[in-house]
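Reader: I would like a close look at one part of this structure. Please take me through the empty space inside, and then one residue.

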Amino acid sequence: MTSVSLPAPKPILQNPMVLLLTTGILFGFNFPLGKIAAGAGISPLLWAAIPSVGVVSLLLPILSANKRLVLPKGSMVRYVMLSAVISFVLPNILLFSVIPHVGAGFTGLMFALSPVFTLALATLFRFKAPNKLGILGVSIGFVGAIIVSVSRGTAPEAPPVLWLFGALSIPIVLAVGNVYRSIDWPTGADADALAFWGHLFALPVFGILALTTEAANTMHLITELPLAVLAQMLVSAIMFPIYFRLQKEGGPVLLSQIGYVSAAVGLLLATVVLGEIYSAITWLGALIIAIGIITTIRAQQR
């Protein structure tokens, strides 16, 4: 009898679906933490730097101990600089700026639009497209996100249109970053090292922006939220190394679907922890997003 050997399952830290769910769940904590910071009067620009501080603080001793802390050279320098601005600085500033105006739950749901924009850009740059079931999952999630957006925009307590457009720009920026990081990924580069150097470069950018604005005037308020600061640093420090592994293992389209997971987590946390109230239509949209997530998982399993 001829024996058939099956391929060994991927280690858990290389399994795209495990990476997707873990990253999305951790990312969902950003939304309530950002609103807590805004409620304390901390500048969004200043709070946007906290994730980078967390990532650098955790990865520096780990990379040093494992002798993987190598200075970036050649194309890696370009990658680190551009990915820092596109992936960390701009999205975080937008994220923490709009949360006080449109709510943590709604901002989280804007992340659910990023898979559609990422899929469009990935197709334009001829990346491998998902299978039909995967595209169906993205489409279902998009319908849910549209329902949520419309329900929020037409509500009596709807925020000014400017902030709604600001929230809508988040998934567009994320999509650009998702595709760029795959296109320009340096050959042989370590995911943890890319996360470390990208966030390390982002810190002086945040510092310059803070010093040239009024953000620095709120720095003393950070000491009033030690637990929130620690939680934000810890969540980001754990999430971003996994985030870069997901980028490498799953590609830009699958990576973008952390938006669906984080949207659901953010909406739930905003309701339970912060007491935000959303209509039944908004929750219907969230349910449809969840169906999109499940469909995407099934597609990946196939």
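Author: Here is the cavity, followed by S256. This is a predicted model, where local features need pLDDT of at least 70, side-chain atom pairs count only at pLDDT 80 or more, and totals for chains, interfaces and linings use all residues. Residues are numbered from 1 along each chain as its sequence is written, and side-chain values use heavy atoms, with hydrogens and water left out.

Start with the method. Rolling a probe the size of a water molecule over the atoms shows where empty space is left. A cavity is a set of points on a 1 Å grid over the protein atoms alone where a 1.4 Å probe fits but cannot get out; lining residues have an atom within 4 Å of a point. Volume is the space filled by probe spheres set on the points, which are joined across faces, edges and corners.

The whole structure holds 1 cavity of 30 Å³ or more. The largest cavity fills about 200 Å³. It is lined by 21 residues, and F27, F111, L174, Y243 and I258 are the closest to its centre. Two or more lining residues come from each of α5 (75-102), α9 (161-183), α11 (226-256) and α12 (258-272). Helices here are DSSP runs (H or I, at least four residues), numbered from the N terminus. α11 gives the most, with 6 residues.

Now S256, which lies in helix α11. S256 counts as buried because its relative accessibility is 1%; buried means under 20% relative accessible area, with a 1.4 Å probe and protein chains only. Its side chain reaches the backbone oxygen of V253 at 2.6 Å. Beyond neighbours within four places in sequence, S256 is in contact (heavy atoms within 4.5 Å) with S114, P115, T118 and N178.

Conventions. 1 Å grid on protein atoms, 1.4 Å probe; cavity = no way out; pocket = protein on both sides within 12 Å on 5 of 7 lines; lining within 4 Å. Buried < 20%, exposed > 50% of the residue type's maximum accessible area, 1.4 Å probe, protein only. Polar contact = N/O pair within 3.5 Å; in protein donor to acceptor, adjacent residues only side chain to side chain.
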